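Thanks for passing this one along. Here are my notes, set out point by point so you can follow them beside the coordinates.

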Amino acid sequence: MSKTTIPTGGIADGAVTEVKTSGVATPITLLKTTTITSAVSSVVFGNGVDGLVFDGTYNTYEIVISDVNIATGGQDLILQLSDDAGSSFKTADYRSISTRSGYNGSSASVDTLSATDAHKILENLDSTATETGFARIFIDKPSVSNYQMIQSHGSNRDSTATAYVFDINTSTFYNAAIVCTGFRIMSTSGNILQAVIRVFGIK
């Protein structure tokens, strides 16, 4: 049986193995995972809370929410910012716009939604445990004092008998310059019953 030799350009075999296994650095780091299995009114993430780094260490933060279910059908999942590591939250002065498309098996629709009290992640969620939502959210340069920008994309089944699938894209800025040191995720009414939330830092 013939053997194929791959030229290494004078690099020792051990060095080649090291590059293959550990030489490629990733700019994305998983910072925290929170798993919700019982009812909570909100999920709070703040710099220095439970070991989370939410400062100038990373340029951008990504939040991935999966398997989210809420107690009260027809409510939205939202995000609000904090400038004091989660002790309090901004509940007004957002400029938020969402494009939501839906399809129920026979008809489709596209709507534009606006908000001033929060960043809308998911809209009109169903409360059935097997009909959950999923979303990805980005907060860019939170440690810089600016009009904090947030962007997200999510999908969920809506809370109607006609069973629409919703696809929602939202862009938001907070209408004042702040340094963002935390955020919370919550339902517009009622509790979050289940979810897995992962926070990543991107350099």
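The points below go from the whole chain to one sheet and then to one residue.

1. A word on the basis: this is a predicted model, in which local features need pLDDT of at least 70, side-chain atom pairs count only at pLDDT 80 or more, and totals for chains, interfaces and linings use all residues. Residues are numbered from 1 along each chain as its sequence is written, and side-chain values use heavy atoms, with hydrogens and water left out.

2. The chain has 1 helix and 12 strands (DSSP runs, numbered from the N terminus: H or I of at least four residues for helices, E of at least two for strands). From the N terminus, the helix comes ahead of the strands.

3. Of the 203 residues, 39% count as buried (under 20% relative accessible area; over 50% is exposed and in between is partly exposed, with a 1.4 Å probe and protein chains only).

4. One open sheet has 4 strands in the order E2-E11-E4-E7, with antiparallel pairing (strands pair if DSSP finds at least two bridges between them). Its edge strands are E2 (42–46) and E7 (119–122), each pairing on one side only. Strand E4 (residues 77–82) joins E7 over 3 bridges, and Ile78 has Lys120 in E7 as its bridge partner.

5. Thr99 sits in strand E5 (residues 94–103). Is Thr99 buried or partly exposed? Thr99 is partly exposed because its relative accessible area is 39%. Beyond its neighbours within four places in sequence, Thr99 contacts Val110, Asp111, Asp167, Ile168 and Asn169 (heavy atoms within 4.5 Å).
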